[in-house]
Amino acid sequence: MTHRFTFFVMLIVIVTLLPEVVICCGYLPSWPAWAQWAYALTIAWGVFSVVVMHTWMLGHVRSIRFFFATFLLLTTPKLLFAIFAPPLGAVVGLVAGALFFLAALYGFLWGWCRLVTTRVECVSPSLPTAFDGYRIVQLSDLHLGSLAKHPDFIRRIVETVNAEHPDLIVFTGDLVNHTVCEAAPFADTLSRLSAPDGVLSILGNHDELGAKYAEDMQPVHEKMGWRLLMNEHVMIDRGADSIAVVGVETTSPPPFKSTGDLGKAMQGIPAGTWTMLLSHDPSHWRKEVLATTDIPLTLSGHTHGAHLRMLGWSPARLMYREWAGTYHEGERMLHVSLGICGTVVFRLGAWPEVNVITLKNKGGNRRS
């Protein structure tokens, strides 16, 4: 993962510099003076955004947002021009750049709140018959610090979840950006999430930024009526049948903090119990879950789909082998949620989502 992260940073640098070289060498000299000055201003703005990000001139989160907006609204359109203009002409390059600019602008203004509901099935022959048709709603990556000015959106999420009438609601990490206080204004709203088997929650890498997060956040979870799983599990019963829901703290490769302990979390689960794992980072599935356990279903988030998905492709593919949707290894399944928000309030294609997972047993009597 560290090598992938380095590759991703190098790719950003190349993508940033390539269009400047192509445009300055092949097109800029023939442009009128006003266009040359305007283009020079875009370069200066891009450099300034990099300086802001690295010096935190506007604060950590704001500086990242500033750089991200500059990259999408200025750098990427110029890159598209540099790709399409040489073989197809400057007009085609300008159209391609302008279309992406408008699409990115949509992502910043409206795409971030285009809430969708994703429905998937987990078919498992070992699922107890009593849980055939059991409905789980998964939420992930709320990043409430980024939604401080948008309480109506949080209310809409709660209404959307409750309208599904799930048996269980799970939250797979990153409730906040940096501090516990970001969650406090939304505690009353989120406490309205309702399911017969309650709401189970785990930590994400942003939640782990505060050394005393679990201690400080516990009262907020209690106020919301959520059960925070800290390397532990709970049993859910239906008559004589039971399943286990395991929740681990963040288990991620560098540069993220990793405090998850899957072995500890599974201690005490009766042999043969059907188990569902909540683990924030999907890379945990291939690294440890598949190799050391027989857990049939794992639910994760974390990637956000890089906030951008076009024609089925996302920059998240460069960092994560499993980055969105469902993945299977035999009869074992991972579902990765695109989540709700992030430190950057932007979505294009990778829309914020509520995930509905229905458990099914191939031989069971499905609930009506």
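User: Which residue stands opposite Gln-138, and in which strand?

Analyst: In this predicted model, the residue facing Gln-138 is Asn-355, which belongs to β12.

User: What makes β2 and β12 a pair of strands?

Analyst: Two strands pair when there are at least two bridges between them. Strand β2 (residues 135–139) and strand β12 (residues 353–360) are joined by four bridges, so they meet that cut-off. They run antiparallel.

User: Where do these two strands sit in their sheet, and what order do its strands follow?

Analyst: The order is β1-β12-β2-β3-β4-β5, an open sheet of six strands with mixed pairing.

User: Why are β1 and β5 said to stand at the edges?

Analyst: Each of them has a single partner strand, so one side of β1 (116–123) and one side of β5 (226–228) is left without a neighbour in the sheet. As for the twist, neighbouring strands here are turned by 25 degrees against each other on average, direction ignored.

User: Which helix lies across this sheet?

Analyst: That is α5 (residues 151–163), which lies across β1, β2, β3 (168–171) and β12. Its direction makes an angle of about 165 degrees with β2.

User: How do you know that the length of α5 agrees with what a helix should span?

Analyst: Set the two values side by side: at 1.5 Å a residue, 13 residues should span 18 Å, and the end C-alpha atoms of α5 are 19 Å apart, which agrees.

User: Which residues of α5 are buried, and what are they packed against?

Analyst: Phe-153, Ile-154, Ile-157, Val-158 and Val-161 are the buried ones. They cover an arc of only 140 degrees around the axis, and therefore lie on the same side of α5. The packing partners of these buried residues are β2, β3, α6 (187–190) and β12. On the face turned away from the buried side, α5 carries the exposed residues Asp-152, Glu-159 and Ala-163.

User: What makes His-143 stand out in its backbone?

Analyst: Most residues other than glycine have a negative phi. His-143 is not a glycine, yet its phi is positive, at about 50 degrees. This residue is found in the loop between β2 and α5. Just after α5, His-165 also takes a positive phi of about 50 degrees.

User: Why is His-143 called buried or exposed?

Analyst: Buried means under 20% relative accessible area. His-143 has 0%, so it counts as buried.

User: And where is Leu-311, and is it buried or exposed?

Analyst: Leu-311 lies in the loop between β9 (297–300) and β10. The cut-off for exposed is over 50%, and Leu-311 has a relative accessible area of 94%, so it is exposed. Leu-311 also has a positive phi, about 55 degrees, although it is not a glycine.

User: What order do the strands of the sheet that holds β10 follow?

Analyst: Its order is β6-β7-β8-β9-β11-β10, which makes an open sheet of six strands with mixed pairing. The edge strands are β6 (232–238) and β10 (325–329), each pairing on one side only. Neighbouring strands are turned by 20 degrees against each other on average, direction ignored.

User: What makes β10 and β11 a pair?

Analyst: They are joined by five bridges, so the requirement of at least two is met. Strand β11 covers residues 332–336 and runs antiparallel to β10. Within this pair, Thr-326 stands opposite His-335 in β11.

User: Why is Ser-279 called buried, and what is it in contact with?

Analyst: Its relative accessible area is 1%, which is why Ser-279 is called buried; the limit is under 20%. Ser-279 is found in the loop between β8 (274–278) and α9 (283–292). Leaving aside its neighbours within four places in sequence, its contacts are Ile-202, Val-248, His-284, Leu-299, Ser-300 and Gly-301.

User: How many aromatic pairs are there, and why is the pair of Phe-68 and Phe-346 given its name?

Analyst: The whole structure holds 15 aromatic pairs. For Phe-68 and Phe-346, the ring centres are 5.6 Å apart and the planes stand at 70 degrees, so the pair is edge-to-face; the cut-offs are centres within 6.5 Å and planes over 60 degrees apart. This pair links distant parts of the chain, with Phe-68 in helix α3 (residues 60–88) and Phe-346 in the loop between β11 and β12, 278 residues apart.

User: How buried or exposed are the two partners?

Analyst: Phe-68 has 21% relative accessibility and so counts as partly exposed. Phe-346, at 1%, counts as buried.

Technical notes:
Residues numbered from 1 in each chain as written. Predicted model: local features only at pLDDT ≥ 70, side-chain atom pairs only at ≥ 80, totals over all residues. Heavy atoms only, no water. Axes fitted to C-alpha atoms, helices over the stretch in contact; angles between N-to-C directions. Contact = heavy atoms within 4.5 Å. Buried < 20%, exposed > 50% of the residue type's maximum accessible area, 1.4 Å probe, protein only. Expected span 1.5 Å × (residues − 1). Arc of directions from axis to C-beta. Phe/Tyr/Trp six-rings, centres within 6.5 Å; stacked < 30°, edge-to-face > 60°.
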